[in-house]
Amino acid sequence: MAGAPGRRSSSSQVPSKVWLTVATARYDEAIRAGQQALDFDPRFVNALWWQGLSYAGIRDFPRSIACHTKAIGMNDGPLFRALLGHVYGRAGESAKARGILRELATMSERRFVSPMDFAVVYAGLGDADSTFLWLEKAYQTRATRISELRSMYFDSVRSDSRYADLMRRIGLPL
């Protein structure tokens, strides 16, 4: 029985559980659940994503950076680079965050990079104008990840009136 003492959750239940704890800002619980997922499957890169976000949520930027760096070693896609750039920005390492923006721009010359990836990094840097420029591009191109607007990545711009306007146009509740 799933959830019974002494039993592991099935691998299909772990992602839902971990993402729910991240999304509800239960970061310590998400870090533990992410570790359980990694214990079950050390190649489960999303567990590093969730742990990295959770460490950023408690402002433990060195651990967050370590998680995202390890994730890039497993999956060199734009999402994990954007998350690393976001954390660099929040940690005050703006030169490194801007380096990630350059890497994403270079990457976009040979493969698809979502406008959301650029928006995530700019939000980490606290650059509201650039964040909204890229969020607007995401909206105009109907980027599937626009629903991430409600995530912690965009906490730095949530009080901006453009945030409420974009949420209204997307059809997401505030």
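## Rings and core: worked exercises

Five aromatic pairs turn up in this predicted model.

**Exercise 1.** How are the rings of Trp 49 and Phe 80 arranged as an aromatic pair?

*Solution.* Start with the spacing: the two ring centres sit 6.4 Å apart. Rings pair if their centres lie within 6.5 Å, so this one makes the cut. Next, check the planes: the angle between them is 90°. Anything over 60 degrees counts as edge-to-face, so Trp 49 and Phe 80 are edge-to-face. Now place them on the chain: Trp 49 belongs to helix α3 and Phe 80 to helix α5, 31 residues apart, and the pair links distant parts of the chain. Both residues are buried. Finally, look around them: Phe 44 and Trp 50 join Trp 49 and Phe 80 in one aromatic cluster.

**Exercise 2.** Which helix gives the most to the largest nonpolar core?

*Solution.* First, the core itself: it has 49 residues, and those with the most contacts inside it include Trp 49, Leu 83 and Phe 154. Then go through the helices: α2, α3, α4, α5, α6, α7, α8 and α9 each supply at least two residues. The top contributor is α7, with eight residues. For a closer look, pick Phe 154: skipping neighbours within four places in sequence, its contacts include Met 116, Ala 119, Leu 135 and Tyr 163.

**Exercise 3.** Which ring does the charged end of Arg 169 sit over?

*Solution.* Go to Tyr 139: the charged end of Arg 169 is over its ring, 4.7 Å from the centre. Then try a lysine: Lys 137 lies over the face of Trp 134, 3.9 Å from the ring centre.

How values were computed:
Residues numbered from 1 in each chain as written. Predicted model: local features only at pLDDT ≥ 70, side-chain atom pairs only at ≥ 80, totals over all residues. Heavy atoms only, no water. Core = buried A, V, L, I, M, F, W, Y, C linked by side-chain atoms within 4.5 Å. Buried < 20%, exposed > 50% of the residue type's maximum accessible area, 1.4 Å probe, protein only. Helix = DSSP H or I, 4+ residues; strand = E, 2+ residues; numbered from the N terminus. Contact = heavy atoms within 4.5 Å. Phe/Tyr/Trp six-rings, centres within 6.5 Å; stacked < 30°, edge-to-face > 60°. Lys NZ or Arg CZ within 6 Å of the ring centre and 35° of its normal.
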